[in-house]
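This report introduces a structure to a reader who has not met it before. Please look over the sequence and the model before reading on.

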Amino acid sequence: MSDFDHVAIIFLQASPVVDEASPSSASSFEMLDMESAHAPYQEVQPHWFFCRRADDNTSWLPFSREDSDKLENAFTNSKNEDKVVAVEGQRYDVHVKERKRYAVYWEQAPSEVRRCTWFYKGDKDTRFMPYPEDFSKDLEEAYRKSVTSDEWKKKLDFPTGETVILHNPKLIMQYQPIGLQDDWVSSPSEHTRPRTVKRGVDNISVEIPDGEPEKVDHVVFMVHGIGPACDLRFRSIIQCVNDFRSVSLSLLASHYKRAQQEGQVGRVEFLPVNWHSALHGDATGVDEDIQRITLPSISRLRHFTNDTLLDLFFYNSPTYCQTIVDTVASEFNRLHVLFKQRHPEFSGTVSVVGHSLGSLILFDLLTNQRDESQISGEPCHLNCNTLEQTLNRLGLQQYLDVLQNENLDLESLALCRDSDLKDLGIPLGPRKKILNYVRRKWLPEVWLISIMPQSVTSAVDYEYFDVGIGQVSIDYPQLEFHPQTFFAFGSPIGMFLTVRGLKRIDPNYTFPTCKSFYNIYHPYDPVAYRIEPMIVSEVDLEPMLIPHHKGRKRMHLELKDSLTRMSMDLKNNVLGSLRTAWQSFARLPVAALPPGEGGETTTEKTLEETVSKSKEPPLESVEEREHREIKMGMLNGGRRIDYVLQEKPIESFNEYLFAIQSHLCYWESEDTALLLLKEIYDNLGVAIEQPQQ
């Protein structure tokens, strides 16, 4: 069989593929040939992609057009130099010559980058995949020759065995190597279906992401909870924060559209903080220690427990709590410095987010911060007492000589570590008392959270009780910035404070370096607890309902409110009618009824009071009055603290079924993201806009 006959067979057997696209394959070929017969050759426009590998799945994702243009310019002007281009909001660096994409802020394996011009898709593929650059270059050259010479139906063989046939400019197919098929198969297409080949990114169905604004208005550091996975899809904190960032960019485009067009709004950068890998890494060796004592039965469940639930116990261990807190604080400071290096024009502020256990870590860390005046100023509390008076107060007078022999006063004692006092021969109990007392006194007067006395006669020394009660005695590092706002997602802070022995948070308390605090939770989240009842215990106040991002309540909640109003209106109408009827009846001779004060009958007066009490104001009015009158303390600047998400209609059918999902829903919640954006841009003086329906 000649080469021409072989190509003819391939051509004829490829025709059923064309039949799927048009009724007549022959007429389709002729029509396509006529349309493009004299079309001049134009060089293909490349677009840059990066590779993402997850388990056994490999996908190629496009850069935004802005990032692709930057990469193309660097490639064109590189002159064999390995230029580095910052992409994706400067969170990644692409080494153009090396064709690698490196993460800037977190540890991640480098991913392959490709300058893409030609793409293919098989029958079972869901998206087009880019050819290697050398392969694409050969395809482009063959295509150029066919266009300039107007000669089609050419077969192009590659050294790897692939065969590509250029039927016409709009119909190009690739066939698998013949050697991979059975010997008796007479043509490449009899055993496997061919791949569809497309030229240029504009001819394939791919969603090219929008570029991010260069201007950054605010930075948010996000801390995860227990375990390495953050949602039901077992994604890492990096992937979940990426989703949250994408949601916020979409909300900025819809709820701050005018402000973005006018240049008032740029974007908010969200960066992940990972402490789990440091705790379970080789440095601590805790995983190996736990594995040696783990039973062999139900291995998967025990592995999940060791890798996830044990983080709660690790945090309550002085050794590993120190590791966790040090990791979080050092990551905060490292990310803050690195971000400012890459964004020297940045003049905005920073907020922090903690999910689940991560929120408790942040609460304890922010509780133990000191502002500049406390760091540079003289500690007035320690000057009021001598070392001897302090030890007498603690009942530890016997250690006075030991400390004085080392020339220790209260100021130097506050700088001592637990190991320092241990070297002096002071037992564990006394040295914990000394360090805890001295460090608390070194901190500012905002330590006003206290345990309420159980009875009038039980005297409580409030100086011993503060927000740090029950915390593990460790050295809390200081942050190099002052967070503007602390957002807690699905937080157990309230429960932990109660278990530690706190009964009440003093309304005057505020974090030393952070002036705003929001406790955000889903109503079915089994891990979340409220904060406001610990501040205002005398009022049963409902949490603030977070508005839906489309500007209204969910339909089932509106229906529920409507039914409540209907029942109240019905009650008022019935009692009003009863009152009218009674007044008509009361016009009978006065002697028939016993008179009350002011000539009013007792029964009429009672009914009047009943009706007036039943005329309750609308729910919105009640909520607005309560929000206006209730002072929620200074933890959030006098504003409300507890904010609850609206459950979805399907979740309301069975709250137990969606309990675990409710604890992990915050990363993809548009309502949560919008609340963060509103708080951030309210502080910047930019009002939220009503989105177009």
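Arg101 places its charged end over the ring of Phe50, at 4.0 Å from the ring centre. Arg101 also lies over the face of Tyr92, with 3.6 Å to the centre of that ring. The structure is a predicted model, and the two contacts of Arg101 are set out below.

| Charged residue | Ring | Distance to ring centre |
|---|---|---|
| Arg101 | Phe50 | 4.0 Å |
| Arg101 | Tyr92 | 3.6 Å |

Rings also pair with one another, and the structure holds 26 aromatic pairs. One of them joins Phe339 and Phe346 in an edge-to-face arrangement, with 5.1 Å from centre to centre and 85 degrees between the planes. Both partners, Phe339 and Phe346, are buried. Elsewhere in the sequence, ring pairs link Phe363, Phe486, Tyr509, Phe511 and Phe517 into a cluster.

The report now turns to a helix. Helix H24 covers residues 670-683, 14 residues in number. From its first C-alpha to its last, H24 reaches 20 Å, which is close to the 20 Å expected at 1.5 Å a residue. Is H24 largely enclosed or largely open, and why? Of its 14 residues, 10 are buried, and H24 is therefore largely enclosed by the rest of the structure. The buried residues of H24 include the leucines Leu674, Leu675, Leu676 and Leu677. Asp671 and Glu679 are also among the buried residues of this helix, as are Ile680 and Tyr681. After H24 comes Gly685, which has a positive phi, near 80 degrees.

Technical notes. Residues are numbered from 1 along each chain as its sequence is written. This is a predicted model: local features need pLDDT of at least 70, side-chain atom pairs count only at pLDDT 80 or more; totals for chains, interfaces and linings use all residues. Side-chain values use heavy atoms; hydrogens and water are left out. Rings of Phe, Tyr and Trp (its six-membered ring) pair if their centres lie within 6.5 Å; planes under 30 degrees apart count as stacked, over 60 as edge-to-face and the rest as tilted. Buried means under 20% relative accessible area, exposed over 50%, partly exposed in between (1.4 Å probe, protein chains only). A charge sits over a ring if NZ of Lys or CZ of Arg is within 6 Å of the ring centre and within 35 degrees of the ring normal. Helices (H or I, at least four residues) and strands (E, at least two) are DSSP runs, numbered from the N terminus. The expected span of a helix is 1.5 Å times one less than its number of residues.
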